[in-house]
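Colleague: I am new to reading protein structures, and I would like to work through one with you. Could we take it in small steps?

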Amino acid sequence: MKNKFKKNAVGCLFAITLLSLTLHCTAQSSKQTSEKIVRTVYTAYEKKDWNMLKSVLAEGFTFTSPVDLQPIGIKVYEEKCWPNSANIKKFEIDKLMVDGDNVFVTYHCWTLNGKVLWNTEYFTLKDGKIKGFVCFFGPGIGYPDNKGK
């Protein structure tokens with residue numbers, strides 16, 4: 001009876017361990033997928049590739065920033081924001097944190113004319129695509145399309 005109990009206990013412990021590892025690996029894989037999707041945004045800007053960016057945006061996508069107090073859709077985003085890609089040299093991601101379908105990114109961006117800007121963005125993902133994101137930036141002369149100074 002003791003041997004049977006020990007076998008069952010070992011079997012249960014093995015099953016629990018296997019389930020735990022599977023859940024951890026699934027969560028880790030999901031986290032990596034979310035990170036990859038968000039990093040595609042920055043790569044698309046560096047490569048000036050609208051189709052690359054559009055491929056990770058969900059239907060019903062919205063964007064919000066201090067300039068766009070009301071969320072704008074993909075068409076307005078393409079017209080208003082995408083032209084900034086012409087001024088972008090590279091991004092350096094300082095911090096990227098994934099929490100389920102939510103991703104926070106803080107980065108430095110270098111423009112082609114040598115200016116540097118520093119932003120934080122909050123992405124919401126759904127079904128493997130970006131449903132929306134909010135860009136947090138303050139006033140300053142570093143933003144690529146700033147006509148002042």
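Modeller: Happily! Keep in mind that this is a predicted model. Let us begin with the aromatic residues: Tyr42, Tyr45, Trp50, Phe61, Phe63, Tyr77, Trp82, Phe91, Tyr107, Phe123 and Phe133 form one aromatic cluster.

Colleague: Which residues have the most contacts inside the largest nonpolar core, and which element gives the most to this core?

Modeller: The largest nonpolar core has 31 residues, and those with the most contacts inside it are Tyr45, Leu53, Tyr77, Phe123 and Ile130. Two or more residues each come from helix H1 (2-47), helix H2 (50-54), S1, S2, S3, strand S4 (116-126) and strand S5 (129-136). The element that gives the most, with six residues, is H1.

Colleague: Leaving aside neighbours within four places in sequence, which residues is Tyr45 in contact with?

Modeller: Tyr45 belongs to the aromatic cluster we started with, and is also among the residues with the most contacts in the core. With those sequence neighbours set aside, the contacts of Tyr45 are Leu53, Tyr77, Cys81, Trp82, Ser85, Ile88 and Phe91.

Colleague: Now the sheet. In what order do the five strands lie, and which are the edge strands?

Modeller: The five strands form an open sheet with mixed pairing, and their order is S1-S5-S4-S3-S2. Each edge strand pairs on one side only, and these are strand S1 (57-64) and strand S2 (88-99).

Colleague: How many bridges join S3 to S4, and which residue in S4 is the bridge partner of Val103?

Modeller: S3 and S4 run antiparallel and are joined by nine bridges. In their hairpin, four residues lie between the strands, and Gly114 takes a positive phi near 90°. As for Val103, its bridge partner in S4 is Phe123.

Colleague: Which residues of S4 point to the face where side chains are buried?

Modeller: The side chains alternate along S4. Val116, Trp118, Thr120, Tyr122, Thr124 and Lys126 point to one face and are not buried. The buried ones, on the other face, are Leu117, Asn119, Glu121, Phe123 and Leu125.

Colleague: Is the aromatic pair of Phe104 and Tyr122 stacked, tilted or edge-to-face?

Modeller: A pair of aromatic rings is described by the distance of the centres and the angle of the planes. For Phe104 and Tyr122 these are 4.7 Å and 35°. Planes under 30 degrees apart would count as stacked and over 60 as edge-to-face, so what remains is tilted. The pair of Phe104 and Tyr122 is therefore tilted.

Colleague: Why does Phe104 count as partly exposed?

Modeller: Phe104 is in strand S3, while Tyr122 is in strand S4, 18 residues apart. Buried means under 20% relative accessible area and exposed means over 50%. Phe104 falls in between, so it counts as partly exposed, at 37%.

Colleague: Let us end with His108. Where is it found, and which side chain does its side chain make a polar contact with?

Modeller: His108 is found in strand S3 (residues 102-111) and is partly exposed, with a relative accessible area of 25%. Leaving aside neighbours within four places in sequence, the residues in contact with His108 include Lys90, Phe91 and Asp94. At 2.6 Å, the polar contact of the His108 side chain is with the side chain of Asp94.

Key. Residues are numbered from 1 along each chain as its sequence is written. This is a predicted model: local features need pLDDT of at least 70, side-chain atom pairs count only at pLDDT 80 or more; totals for chains, interfaces and linings use all residues. Side-chain values use heavy atoms; hydrogens and water are left out. Buried means under 20% relative accessible area, exposed over 50%, partly exposed in between (1.4 Å probe, protein chains only). Contact means heavy atoms within 4.5 Å. A polar contact is a pair of N or O atoms within 3.5 Å; within protein, one must be able to donate a hydrogen and the other to accept it, and residues adjacent in sequence count only if both atoms are side-chain atoms. Two strands pair if DSSP finds at least two bridges between them. A nonpolar core is a set of buried Ala, Val, Leu, Ile, Met, Phe, Trp, Tyr and Cys residues joined through side-chain atoms within 4.5 Å. Rings of Phe, Tyr and Trp (its six-membered ring) pair if their centres lie within 6.5 Å; planes under 30 degrees apart count as stacked, over 60 as edge-to-face and the rest as tilted.
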